[in-house]
Structures are given as structure tokens and as C-alpha cells.
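Please examine the model shown here together with its sequence. The paragraphs that follow lead through selected helices and their surroundings.

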Amino acid sequence: MSSSAALPDPAANSAPASASAPASAPAPADRRRWFALAIVMTAAFMDLVDVTIVNIAIPSITRDTGASVSAIQWITAGYALAFAAGLITGGRLGDIYGRKRLFLIGIAGFTVASALCGLAPNSDVLVAARILQGATAALMVPQVLSIVHATFPAHERGKVFGLFGAVVGLGAVSGPLLGALLTEWNLFGLEWRPIFLINLPVGIAGLILGAKFITESKAPRAMRLDLVGVGLVTLAMLMLIYPLTRGHELDWPLWGHFSMVGSLFVFAVLVRHQRQKAVIDGSPLIELSLFRVKSFAAGIAVQLTFGVGLGIFFLVWTLYMQMGLGWSVLRAGTTGIPFSVAVSVAAGISVQKLVPRFGRKVLQAGALLMVAGLLTYLWEAEHYGMAITSWQMAVPLVVMGVGMGLIVAPLTDAILSEVPKEHAGSASGLINTVQQMGTALGLGLVSVVFFGAIGDRLAPQEIGPAFVDAFQQSLWWVAGVLSVIFLLMFALPARPKAHMEGEAAAPDEAPLPTEPVLKV
């Protein structure tokens, strides 16, 4: 599920925004730029909906394919991991070889991967197709706002970015509901498959129209690729997440523990490589000097931890409603609407009204509100048990949604507020990458915090109560994660730099917006 009024991702645009506008950008009078905008916005919407649409269909996928516990996790975590690993490289490839070219390659690959997902005969093929989806999205999504930045003059970008915010909000609300409707309708007897197949006509149209209307652009000073860095990041995450997802099924074998410990060694090798890469050609995958900025280091920790908490919550919440309470996919999908609306409304208010006055306290209040919502949800789940209703869930969901909205919209600004302008693009890309990695890690931890609490070989009448109990245990974990986030936020600036100075950065100096934090 996704819900944020934050802008979508330039994802890992490695160069600062000010360096990425080509001299050959179309003149403002060129109407083609508006067609190009509609195309890239549609692609961004397709990516957002495709991510948010999947969780709601997981129980249906499980029943149809007989997916194992680890397969359930990898259907979502595989996408997040592949997306995270490729974000910065996808942005740099666009800077080097052309944003239009990489966008078209990405949307073509995403469409093919969507077809493979929709036609998957079993869970193994579906997992592989989802990983391919994530990898191709990492080529497509970073180009979206880079193309906008290169196509529109500075005085129009504020309006365009605002329009993107509206698209993100629409995707946040419509994704789970659309997934619920498509699954419930069982079109042509395909059950859950239309949630992926719906991308085919959209992707084909985007490919044809994009080739015609999008103008090619490149960065004049694009950074070099760091494929070794990408490989080390991917290997370290796999060594950590794979044993977590398989551990419950395999009774936590010894090799899994060695693998998780070994991932720390690979991360250490990555840091060493990044230092050497910075000296050799000045184009590391991760700009390590950014971590000397206290607010950035703390913000990255918040982003990573937040991703972990959300990765856990949204998957177990779906399983709880459908497999625990026995609700239909449509009922589960509509139950989440108050949450999505609350996030979107609170996000807009936090950025426009609250953060300029109260700064960091707004984000910390958001974390406390989310904890309060979780504790309320815990009480209701225990008090009402299997008889709980959607209306009773609405109160804690709205409280959680308001809290999340107070965090997601201003968090990026808080993280970037003290980052040097020359590293703004690299910092934005790293924020998005870390958030996706946190999500993947959270989805991997579902084996520990949720499935680990469910006994094996349950009788049919025991399944519902077992899922309810496991859901409550998972909420305690998420509440603990949010408490850690609250403490980490003390290291963020009391007020973002632009507010302290009483002025905003100029359009050509500001980093491109980052993607919504709730891409789960």
C-alpha cells in the first residue's frame, strides 16, 4: 500500500539537478512537452499502482499458486530489492545514454515483466518476474522527473511537481482499491492476474507515444557507473534477506546464520570500495562524505528504519484481514481507504502549515501518533478478536495515517536541509535506495515477527485465531521500530535550513523531489 502526498522519485539522479538541464531543452511554447508530461506521469502512476496493488492480492495469489511463506515475502521483497539495487545506476545510465532512451527501455521491460507476472504458472515464476519488474522499474522511474526537469523551464516546474504530487496521492488511494476490484471481479476467470495484465495496454501506449513526444536529453557531466558497488550492495542485501525469508521454513539452518553475519563483511568491503572509487574517478555509488553531515546520517537511519516498519505492517495487515478474519479482498481494500486519505491530507498540511512553524517536532509528533494508532489497534484486535469490523478499525487507521502524513512529506526536506548543493542529487538517490532496502528488509523480517508466531499444521478452526495473535505480536514490533525512529529524529535539524533562513532554494538549485516513502 502506498499513501503520500510527497512527489515521485527522480529516484537516483546522480548529478545535481542544476547540472542536468540540457542546452537543447524544448522552448516553452512547444506543446509536445505536455504530451511528454502526460506519458511520464502515466508511467509513474503505473509503477506506484503496481506496487501498491500487489499486497491486497497476496492471499488470492497464495490460494491459486500454493505459494510458500518465503514466496509470499519474495513477491513483494524481490521487487523492492531489485528496485533499490538499480535506482542509482538507472539514473546514471539515463544521464550518460539519454533519459528518453532509458525510459523507453524501462517501460518496455516493465511491460514484458508485467505480462510474465500475469501469466506466471506458479509462484517461482511469479517471484522471478517480480524481480525483473523491480529491475526494469529502476531503469524507468529515475528518468521521470529528470525528463521533466530537462523539458520544462524553471518557472513551470513548481506547477508540474505539484501535479505529480496529485498523481502520487491518486495512486496511493486507487492502488489497493483497484487491486481489490480486479481480484474480486475475477475477469475472464483470471482471478488475481489482471492486477498485472492491466499494465500491458498502458505500457504499450506509453512506449509508442513516448517514442514520438519525449525529447532526448543527457547530463553534460554525468558520473560514471559503479557496477561493482551495485553488485556488492545487492550481494550484501541478498545474504541478509534470503536467510530471513527462508529461515522459518527451513528451521533456521546454520548456513543462514553464517550468511547473515557474512553480509556485514560484504557491507564493510562496500565501504572500502566506495572510498577507493571516490579517489580514483570521483563517482562512487554512495557519497560517503554525506554521512559526516549529522542530520543526513540520522535521516538516512530514520528512512531505513521507517521502511522496515512499513514493510512489516502492510504485509501482515493484509494477511490478517483476509486470511485471519476471512474478509473478502474488496472489504480489505476498502478498509484501508481512511488510512490513505488521512496520510494525503496530513502530508499536505504538514508541509504547508506545520513544519515552517514547528520544524522537527512535527515529524516526532507523527511518530508518536503512529505509535498511539498502533496501540489502539492492538487493544481493538485483542478486545474484539474475530468479530472486529471495518468501522472499528477506522479510528486507529486514521490516527496512524495522520501520523504517517506528518512524517513522509517533510522527511526528505529535513534529511537534505544541511547537505551541500553539489551533492543534492546523490543524496536524493541514496534516500530512495535506502528506503527501498528498508522495505525489503522489513518484508524479510515478516518470517520472524509474523509467520514465526504461527504454529505449523494448524486445524482449519485454529487458523483465524493464530493469524490474529500473530498480527498483534507484529504490531508490537512495529511500535518498537517507531519508538526508535522518534529517538533518531532528535538528530534532525530543529527546523529545515530553508525555513530557518526564511527562503526556499531556487528552482534550479533544489534537488529533485524524492519518491513516496510508502512504496510497499
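What span should the 29 residues of helix 4 have, and how far apart are its end C-alpha atoms? The structure under discussion is a predicted model. Helix 4 comprises residues 123-151, and at 1.5 Å a residue it should span 42 Å. Its end C-alpha atoms lie 41 Å apart, which agrees with that expectation. Helix 4 nevertheless bends, by about 30 degrees, at Ala-137. As for its surroundings, 22 of the 29 residues of helix 4 are buried, so this helix is largely enclosed by the rest of the structure.

Attention may now pass to a pair of packed helices. In general, such a pair is described by the angle between the two axes and the distance between them. Helix 10 (residues 294-324) packs against helix 15 (residues 424-449) at an angle of about 40 degrees, and their axes are 6 Å apart. Helix 10 is therefore oblique to helix 15, since an angle counts as roughly parallel only under 35 degrees and as roughly perpendicular from 65 to 115. The crossing of these two helices is right-handed. Sorted by class, the residues in the contact of helix 10 with helix 15 are 17 nonpolar and seven polar, with no charged residues.

A final point concerns Ala-108, a residue of helix 3 (residues 99-118). Is Ala-108 buried, exposed or partly exposed? Its relative accessible area is 25%, so Ala-108 is partly exposed; the buried class requires a value under 20%, and the exposed class one over 50%. Ala-108 and Gly-203 are separated by 95 residues in sequence, while the C-alpha to C-alpha distance between them is 6.8 Å.

Key
Residues numbered from 1 in each chain as written. Predicted model: local features only at pLDDT ≥ 70, side-chain atom pairs only at ≥ 80, totals over all residues. Heavy atoms only, no water. Axes fitted to C-alpha atoms, helices over the stretch in contact; angles between N-to-C directions. Helix = DSSP H or I, 4+ residues; strand = E, 2+ residues; numbered from the N terminus. Parallel < 35°, antiparallel > 145°, perpendicular 65-115°, else oblique. Left-handed = near helix turned anticlockwise from the far one by under 90°. Nonpolar A, V, L, I, M, F, W, Y, C, P; charged D, E, K, R; others polar. Expected span 1.5 Å × (residues − 1). Bend = angle between axes of the 7 residues up to and from the residue. Buried < 20%, exposed > 50% of the residue type's maximum accessible area, 1.4 Å probe, protein only.
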